[in-house]
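Here is a short tour of one protein chain, from a single residue out to the whole fold. Have a look at the model first, and then read on.

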Amino acid sequence: MECTRTDLPAVTIAAVRATVPMSRLTEFYDTAYAQVTTAAGREGWTLAGPAFGWYHRMPTDSVDLTAGFVVDGAALGTWEDVEVSEMPGGAALVLIHTGPYDALADAWERLEKERAELGVEGRGDFWEEYVTDPAPDGDPDLNITRLVLPLRVDA
């Protein structure tokens, strides 16, 4: 797992945002992704990237979360529960994690250690991009997740 510093472009996203209890996180993801893919099909948008979960603050017993996809061909606005908006770009630290989701906490810890060693500050939000779509009977050791920690503008 190598951590890299990069400059990300702003992207257009179609997503659903909610504050959900951690115990209902999987249910929220499943529902949000279904809503976005339905809206994309109906409106003619193109899904232009993997599914993501954008955390707007550090989770506690609940989390303020946006789940969806980068899209092409969508105007900004709201379609039922799906909002098309811009995910801001800028400086970020990125780490690619290969393995089960229950090991993501260790990967985030490594990314946080790298951030501290570089002496930079996070913007306050962060996200996970689920590069592989895990199959129910698939090998979780093959899951690929891209962890993104945006940095403060002055970082």
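Is leucine 8 buried or exposed? Keep that in mind while we set the scene: this is a predicted model, and the values below are computed from it.

## Leucine 8

Let's settle the opening question. Leucine 8 has a relative accessibility of 14%, and the cut-off for buried is under 20%, so leucine 8 counts as buried. Its place in the fold is strand β1, which covers residues 3-8.

What does leucine 8 touch, leaving aside residues up to four places away in sequence? The list holds Gly89, Gly90, Ala92, Trp127, Arg146 and Val148. You can also compare sequence and space with one pair: leucine 8 and leucine 93 are 85 residues apart along the chain, while their C-alpha atoms are separated by 9.7 Å.

## Glycine 49

Our second stop is a loop residue. Glycine 49 sits between β3 (46-47) and β4 (51-55). With a relative accessibility of 26%, and with partly exposed meaning the range between 20% and 50%, glycine 49 counts as partly exposed.

Once residues up to four places away in sequence are set aside, glycine 49 touches Phe69 and Val70. For a pair with another separation, take glycine 49 and aspartate 154: they are 105 residues apart in sequence, and 28 Å lies between their C-alpha atoms.

## The fold as a whole

Stepping back, the protein has two helices and 10 strands. Reading from the N terminus, the order of elements is β-β-α-β-β-β-β-β-β-α-β-β. The radius of gyration is 15 Å, close to the 15 Å that the globule rule gives for 155 residues, so the protein is as compact as a globular protein of that length. If you are planning a box around the model, the C-alpha trace spans about 45 × 40 × 30 Å along its principal axes.

How do contacts spread along the sequence? Taking those between residues at least 6 apart in sequence, 73% join residues at least 24 apart.

## Surface and charge

Of the 155 residues, 39% count as buried, and leucine 8 is one of the buried residues. The protein exposes about 8,300 Å², with 52% of that area supplied by carbon and sulfur atoms.

As for charge, there are 11 positive and 27 negative side chains. The centres of these two sets lie 7 Å apart.

Methods: Residues numbered from 1 in each chain as written. Predicted model: local features only at pLDDT ≥ 70, side-chain atom pairs only at ≥ 80, totals over all residues. Heavy atoms only, no water. Helix = DSSP H or I, 4+ residues; strand = E, 2+ residues; numbered from the N terminus. Rg over C-alpha atoms; globule rule 2.2 N^0.38 Å. Buried < 20%, exposed > 50% of the residue type's maximum accessible area, 1.4 Å probe, protein only. Contact = heavy atoms within 4.5 Å. Areas by Shrake-Rupley, 256 points an atom, 1.4 Å probe, with all protein chains shown as cover. Lys, Arg positive; Asp, Glu negative; His and termini not counted. Charge placed at Lys NZ, Arg CZ, Asp CG, Glu CD.
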